[in-house]
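Trainee: I am new to this structure, and I would rather understand one part of it well than all of it in passing. Please choose a single enclosed space and take me carefully through what surrounds it.

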Amino acid sequence: MSAREQSSTAVFLYRNYRYLVISGLTVLAFAVNLSGILVGVTVILSHVFYFPIIVAAYWYPRRGLLFSACIAMAYGLIFVSFAPMDYLLGVATVSRMLFFVLIGGVVSLLSSKLRQSEQQLHDIIEFLPDATFAISDEGAVIAWNRAMEEMTGVLKEEILGKSDYAYSVPFYDERRPILADLILKDNPETEKRYPFVRRESGRIISEIFIPRLRGGKGAHLRIAATALIDSDGNVCGAIESIRDITDRILTASALKNASSRLNTIAGIIRLDLAKTLAVLYGRLSVGVMKFNDPEVLSFIDGLKRSVDGVQRQIEISRVFRDIGADPPAWQQVQPAINDAISKLGCKNATFGIWTERLEVFGDPNLPTAFYHILYYYLKDQAGPVRVVATYKVLENRCRILLEVTGPGVIVAPGGESLFAQWNERSGYGLYLAHEILAITNMAITENAVAGKVAGCEIVLPPEGYRITGWRV
Amino acid sequence: MNATGRDNNNLPVYLDDDLPVIRELRSDEFSYANEVWRDYHETTGDPATDRVFAVFTAGRIVSLARCRWHPDGYEVDGIFTPDTFRHRGYSRMAVAALVEACHNEDLYMHSVLHLTGFYTKFGFAPIEEKDLPPTIRDRYTWATGNLEGAEVRPMKRPAGL
């Protein structure tokens, strides 16, 4: 036989080995049973038929029932043709035939369900938006989805079943362990190849720039690898998911550059303004010493209040820059409000701050938010007032109430635009407070009672507050 | 120690060198209040349901007031000043703090008869026993509908400053 003939035979055997196995087992079962009948053995040997029935039903679930029925019929024919006629033997033969059909049907059904489940899993991986592949515990590629094909240009037919780190070649142009391999085996050398490797809830996460992707332009990838676990809880492989975050990185970089330039310009302007204001404050102080005329002094005092306003706007612009720069954290409300009060320097107000056990999840600039809220409600108060800060727990929410009361309290509702970007009465201060609170989904609204109470309420989201020791 | 004035109830007000500090207790400070309350029907505070307001002088608790959450309302009780610190206005400070801190809720209480005038100053008004929230009313079921006989009177303070 020539080499070519040998090769074509091998291909035939490979493609049809299932048919060959089932045929072989069927012939064997018939041979054994026919021989048995001829020598008078009519029990036990019929079980041999279960081998071709089970194998056929497992491999070909849609035809398993038909196959087992054919086997049963053929088995019956053998008995009718070669076995002695006997009532009990006939009953036993019919029952065996029924069992053949039953076993074939049950295995077909189970196999069919298993196939459906496998297909669903395959579809889930196949249509994941992120490029995803999986390897077995021996390092062979067992899944390679459509997004992976698009990202790397390597078709699944070309890579499925391959091992020896074949999956790393499309990315790194060499066979080497990658993030998924760290799931199967710790390797410090592999970790060193990534800018960072973070472990989170059983996942290994990293980000890397791959120069050869995107037609040689390079791509920033976020990679996450996790273990495949078998029914016994053992690691039987690893799955790696890859997301192209190039656009996001470029956008973030552009925003950072723009923000940096703006901050630099704003910083320069703030510094120049601060110097100018320092000179202005100095001249106002000289003016106070130089003049005795009450009218002039009153005029100077008005000027000073205007300069204070400018100073405050500069401070607001600085805080705007810092909003969101540091992550939110749990903060006690009482010190935050007390901090704001200490900066107010308000002489005609007394305070009842009753938020001792309340904590909120908020931006670190929370005291600044309280400062601007209190400043707004106190700046126009001419007579003595009392500021009361309390909280009210509702079903699963909480409201902080800031109220200003007193015999001569001035209540001037600001309208719906009070916390908007610009308000004629509040300037940018309340908008700044609104933005600081909004970072962690706190909402602020005005809550005034005409002629009696000026103030507002801050609504805290269910997950955004806690009262130490209070019932849950 | 000299009387330095009279309060709204015409009681003498004394002021030590250490000015009183009034604040709500943190949950980890409830045990200090429980020690003070030992002489007051062995009352105890529970951080899960109570807000406790205390007056301090020289770092020690001299008066207490408690606002307890019930499923159907808030009850004020546990207003207590140890004998050695009485007649200096500390109870008034503690109750004033509680009322201001909890003014968002309707507040209920059982006042002993001779103090109803005191609580009226804080906005409490006598009510019928049947107007108490059931859970709060049930605390005095032993009086079997005769609270006057038990020398207590139900009172209510509507929410508001």
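**The largest cavity and its surroundings**

Mentor: The largest share of the lining of the largest cavity, three residues, comes from β10(A), where strands are DSSP runs of E with at least two residues and helices runs of H or I with at least four, numbered from the N terminus. This is a predicted model, in which local features need pLDDT of at least 70 and side-chain atom pairs pLDDT 80 or more, while totals for chains, interfaces and linings use all residues. Residues are numbered from 1 along each chain as written, chains are lettered from A and ligands numbered from 1 in the order written, and side-chain values use heavy atoms, without hydrogens or water.

The largest cavity has a volume of about 120 Å³, and the count comes to two cavities of 30 Å³ or more (on a 1 Å grid over the protein atoms alone, a 1.4 Å probe fits but cannot get out; lining residues have an atom within 4 Å of a point; the volume is that of probe spheres set on points joined across faces, edges and corners). From chain A, the lining takes Tyr391(A), Lys392(A), Val393(A) and Trp470(A), and from chain B it takes Arg51(B), Cys67(B), Tyr74(B), Ala101(B), Cys102(B), Asn104(B) and Glu105(B). By class, this lining has seven nonpolar, one polar and three charged residues (Ala, Val, Leu, Ile, Met, Phe, Trp, Tyr, Cys and Pro are nonpolar, Asp, Glu, Lys and Arg charged, the others, with Gly, polar).

To place this cavity, look next at how the two chains meet: 16 residues of chain A are in contact with 21 residues of chain B, with heavy atoms within 4.5 Å. Two salt bridges are found across this interface (a side-chain nitrogen of Lys or Arg within 4 Å of a carboxyl oxygen of Asp or Glu), and Arg386(A) forms a salt bridge with Glu100(B), their closest N and O atoms lying 2.6 Å apart. On the side of chain A that touches chain B, β10 (385–393) and β11 (398–405) each supply at least two residues, and β10(A), which also gives the cavity lining its largest share, contributes the most there, with five residues. The residues on that side of chain A divide into five nonpolar, five polar and six charged.

How values were computed: 1 Å grid on protein atoms, 1.4 Å probe; cavity = no way out; pocket = protein on both sides within 12 Å on 5 of 7 lines; lining within 4 Å.
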